[in-house]
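Reader: I should be grateful for a close look at one part of this structure, set in the context of what surrounds it. Please take the central part of the sheet as the subject and work outward from there.

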Amino acid sequence: MRTLVFATHNRKKLAELVELAGPLGLEVVPASSFPGLEPPEEDGATFADNAAKKARHTARFTGLPALADDSGLEVEALQGAPGVHSARFAGPGARDANNNAKLLTLLADVPAAARGARFVCTMALADPAGPLGEAVHLTTGTCAGEILTAPRGQGGFGYDPLFFVASEGLTFAELPSAAKHRLSHRGHAMRAMIAFLSTYALS
Ligand code: ITT
């Protein structure tokens with residue numbers, strides 16, 4: 001069985017990736033299985049830059065093919081912020097609750113009709129010993145929603161309790177995980193990556 005390393009240090013993101021990758025039929029190994037593998041600095045201007053950096057860094061360290069996910073929330077009233085800075089929106093070491101509190105503060109005066117947002121996920125596959133060589137394969141998924149004025153729900157992670165999906169009448173944190181996977185930026189990006197991997201000979 002082929003092995004693929006998931007280049008993430010975010011436990012809840014990892015859990016979603018593992019569920020979504022079920023159809024791949026690959027042995028999936030988390031980055032935490034490799035002592036000394038530290039995350040690289042995420043200083044890219046785009047999700048693609050950061051995803052490619054994480055995937056390449058992990059593949060180089062482990063000698064195995066690696067899949068990275070760079071994702072975040074783009075809020076219309078904030079001109080696309082927090083975007084690539086979503087994980088540390090409230091500053092270095094910020095936790096989900098700090099980031100959500102900052103978002104609510106910044107949107108305090110924004111009316112319901114102007115609270116549109118979308119999640120974006122770009123995945124990068126690096127496989128330097130395989131046909132990709134120095135290239136990475138990128139896929140992207142998005143999901144549109146609205147930012148509520150108070151959190152709702154206990155599931156998911158990150159901004160999920162504030163992210164309302166009108167078609168479901170629920171936030172990502174209220175949806176069962178299978179429904180989040182069907183709708184989410186990460187679900188769309190992973191299904192596109194699975195389609196690519198179905199035609200690709202991983203090293
Ligand atoms: P890795 O880089 O190690 O994968 P990270 O948490 O730093 O972990 P990112 O740089 O991709 O990951 O930042 C993603 C942030 O965007 C994440 O920490 C959340 O704040 C937010 N985010 C991404 N996907 C999300 C989702 O499905 N639900 C809620 N928030 C999400």
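To begin with, how many bridges join strand β1 to β3, and do the two run parallel or antiparallel?

Author: The model is a predicted one. Strand β1 (residues 3-6) and β3 are joined by two bridges and run parallel. Within this pair, V5 is the residue that stands opposite A66 of β3.

On its other partner, β3 is joined to strand β4 (residues 116-126) by 10 bridges, and these two strands run antiparallel. D69 and M123 of β4 stand opposite each other here. Of the 10 residues in β3 (residues 66-75), nine are buried, so the strand is largely enclosed by the rest of the structure. A residue is counted as buried when its relative accessible area is under 20%.

These strands belong to an open sheet of seven, in the order β2-β1-β3-β4-β5-β6-β7, with mixed pairing. Its edges are formed by β2 (27-30) and β7 (170-171), each of which pairs on one side only. Further along the order, two bridges connect β5 and strand β6 (residues 163-165) in the antiparallel sense. I147 has F163 of β6 as its bridge partner.

A single residue of β4 illustrates the surroundings of β3. L125 lies in strand β4, and its relative accessibility is 0%, so it counts as buried. Its C-alpha atom is separated by 4.5 Å from that of L67, although the two residues are 58 apart along the chain. Beyond its neighbours up to four places away in sequence, L125 touches L4, A66, L67, L132, A135, V136, H137, M193, F196, L197, Y200 and L202.

One of those contacts, V136, is found in strand β5. Apart from residues up to four places away in sequence, V136 touches A52, R56, L125 and A126. By contrast, the C-alpha atoms of V136 and G22 are separated by 22 Å, with their positions 114 residues apart along the chain.

Two helices may now be added to the picture. The buried residues of α2 pack against β1, α1, β3, β4 and β5. These buried residues are F47, N50, A51, A52, K54, A55, T58, A59 and T62. The helix has 16 residues, which at 1.5 Å a residue should span 22 Å; the C-alpha atoms at its ends are 22 Å apart, in agreement with that expectation. After α2 comes G63, whose phi is positive, near 75 degrees.

N50 deserves particular attention within helix α2 (residues 47-62), where it lies. With a relative accessibility of 1%, N50 counts as buried. A polar atom of its side chain lies 2.7 Å from the backbone nitrogen of G44. Leaving aside neighbours within four places in sequence, N50 is in contact with E42, D43, G44, D70 and V84.

The other helix is α5 (residues 185-197), whose 13 residues should span 18 Å at 1.5 Å a residue; its end C-alpha atoms are 18 Å apart, which agrees. Its buried residues are H185, R186, G187, A189, M190, M193, I194, F196 and L197. The cover over them includes β1, α1 (11-20), β3, β4, β5 (136-147) and α4 (177-183). Three of these helix residues, M193, F196 and L197, are among the residues that L125 touches. At the N-terminal end, α5 is capped by S184, a side-chain oxygen of which lies 3.3 Å from the backbone nitrogen of R186.

The ligand completes the account. It is surrounded by 21 residues, and the closest are T8, E42, K54, D160 and K180. K54, one of the buried residues of α2, places a polar side-chain atom 2.7 Å from an oxygen atom of the ligand. N10 likewise has a polar side-chain atom 2.9 Å from a ligand oxygen atom. In the case of H9, a backbone N or O atom lies 2.8 Å from an oxygen atom of the ligand. Taken alone, the ligand exposes 610 Å², of which the protein buries 95%.

In summary, β3 is joined to β1 in parallel and to β4 in the antiparallel sense, and β3 is among the elements against which the buried residues of α2 pack. The same strand is also included in what covers the buried residues of α5.

Definitions and conventions:
Residues numbered from 1 in each chain as written. Predicted model: local features only at pLDDT ≥ 70, side-chain atom pairs only at ≥ 80, totals over all residues. Heavy atoms only, no water. Buried < 20%, exposed > 50% of the residue type's maximum accessible area, 1.4 Å probe, protein only. Helix = DSSP H or I, 4+ residues; strand = E, 2+ residues; numbered from the N terminus. Pairing = 2+ DSSP bridges. Expected span 1.5 Å × (residues − 1). Contact = heavy atoms within 4.5 Å. Polar contact = N/O pair within 3.5 Å; in protein donor to acceptor, adjacent residues only side chain to side chain. Near = heavy atom within 4 Å. Areas by Shrake-Rupley, 256 points an atom, 1.4 Å probe, with all protein chains shown as cover.
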